Amino acid sequence: MTLKEIQQYSESEFEAYLDHRKQAIFEYHIKHNTFYRSFAKRASGNYWNTVPIMTKRDLQQPLEDRLSRGFTTKDVYVNKTSGSSGDPFIFAKDKFCHALTWAVIQNRFGWHGLDFNSSKQARFYGIPLNKKNYYKERFKDYLGNRYRFSVFDMSDQALETCLSKFQQSKFEYINGYTSPIVQFAKFLERKNINLKSVCPTLKACVVTSEMLFDSDKNLLETQFGVPVVNEYGASELDLIAFQNPKGDWQVNSETLFVEILDENNQNVPLGEEGRIVITSLYNKAHPFIRYDIGDIGALSPNSTIQKPILKQLTGRTNDFAILPSGKVAAGLTFYYITKSIIEDDGNVKEFIIEQTCPDTFKIIYVSQDPLSTEKTKIITTEMERYLEKGLHIQFERKERLVRSKSGKLKQFTSQVKQHS
């Protein structure tokens, strides 16, 4: 099997393999893909830095115009990105590339004693609300030996139903979006229940698609009584990074080539933050070559070419606040500052932050009681201390937060356009 062969290479063999795959996929698309040949006309696979950076916007044109010669929409895997970056598009993978994607997923879940095909999964994902697609997803879940919990209702009544399902089922692992899983853990904390005690078959919890903060990870491990595994992936690519049993966020180097670049498209030193740019080494149907996924992150100084380690994932490039002074700040950082204050009293269940104009931020939250004046003053002071003086912080209490169609919760959103 291809994946096993790659994993058995020595370091020098792996380096040669990587150079060969980068060159091979580039030359394949130059030869067989009209769209890519036009896109990368001044590039050479021998000089990787000449290969242009591809963004989601470059791909917002009909899929048929982007497919390689010999492929049609009928003989490839076709899907659509979630659009959480604001630039959704339809993509394709050839059958071999798609099979490799699943081989990597099965391999990584195996690290934690889970069989992706047979271990029973408690799934916290979105689900289509129209009847036809709703039952289609339910049927797929049934075939995949998983049970899906709706992430659109996080009320205590709904979470009570979740708990009773865990009591009746032999779930081996939890898988899904971070924020609803955290809400379930908070519910268990309020009831003083450890999930492993009511569902002894549980082995692990795998979270994906949203930021996992250290405090939330500690909460999940305490309330679930199992290890929490952090996953980072993109539907158009593959599993990008998966936490290994040692706790390192190991990057998928077998089927992807991951670079961290600065604003001039130069590689940053290990440990430094930059844009995450990824090459899919096997997708012949559609080019993803030096593709800017729209995320900001850093590789650990302990990384090797064969075993890169993701040190941190700061968020998306559009998850930044532009302030009146022109200063740019990562939205998730001050989301985290607000989070640590808000969660002191256990009143607020969840919240998001919206920047409506350069000097105005709105904190929308779900809670039993309104935030006290003292608490709002502390939050405003801390936001100004971290960002800058003269900001207007508004607070809005709601019964529930609005999630995207897919069920994801965007912790920070800015309506202020960043000048390129």
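Helix axes here are lines fitted to C-alpha atoms over the stretch in contact, with angles taken between N-to-C directions. With that in hand, here's a quick look at a predicted model, covering how helices H7 and H9 meet and what lines the second largest pocket. Helix H9 turns up in both stories: its axis comes within 9 Å of that of H7, and H9 also supplies at least two residues of the pocket lining.

**How H7 and H9 pack**

- Helix H7 spans residues 178-190, and its axis crosses that of H9 at roughly 55 degrees.
- That angle falls outside the ranges for roughly parallel (under 35 degrees) and roughly perpendicular (65 to 115), so the two helices count as oblique to each other.
- As for handedness, the crossing is left-handed.
- On the H7 side, the contact is made by Ile181, Val182, Phe184, Ala185, Lys186, Leu188 and Glu189.
- H9 answers with Asp216, Leu219, Leu220, Gln223 and Phe224.
- Sorted by class, this contact has eight nonpolar residues, one polar and three charged.

**The second largest pocket**

- This pocket holds about 560 Å³ of space.
- It's lined by 20 residues, and the closest to its centre are Leu212, Asp214, Lys311, Gln312 and Leu313.
- Helix H9 (214-224), strand S13 (310-316) and helix H10 (331-342) each put at least two residues into the lining.
- S13 gives the most, with five residues.
- The lining is a mix of nine nonpolar, six polar and five charged residues.

Definitions and conventions
Residues are numbered from 1 along each chain as its sequence is written. This is a predicted model: local features need pLDDT of at least 70, side-chain atom pairs count only at pLDDT 80 or more; totals for chains, interfaces and linings use all residues. Side-chain values use heavy atoms; hydrogens and water are left out. On a 1 Å grid over the protein atoms alone, a cavity is a set of points where a 1.4 Å probe fits but cannot get out, and a pocket is an open set with protein on both sides within 12 Å along at least five of seven lines; lining residues have an atom within 4 Å of a point. Grid points are joined across faces, edges and corners, and a volume is the space filled by probe spheres set on the points. Helices (H or I, at least four residues) and strands (E, at least two) are DSSP runs, numbered from the N terminus. Ala, Val, Leu, Ile, Met, Phe, Trp, Tyr, Cys and Pro count as nonpolar, Asp, Glu, Lys and Arg as charged, and the others, Gly among them, as polar. Axes are lines fitted to C-alpha atoms, for helices over the stretch in contact, and angles run from 0 to 180 degrees between N-to-C directions. Angles under 35 degrees count as roughly parallel, over 145 as roughly antiparallel, 65 to 115 as roughly perpendicular and the rest as oblique. A crossing is left-handed if the near helix is turned anticlockwise from the far one by less than a right angle, and right-handed if clockwise. Contact means heavy atoms within 4.5 Å.
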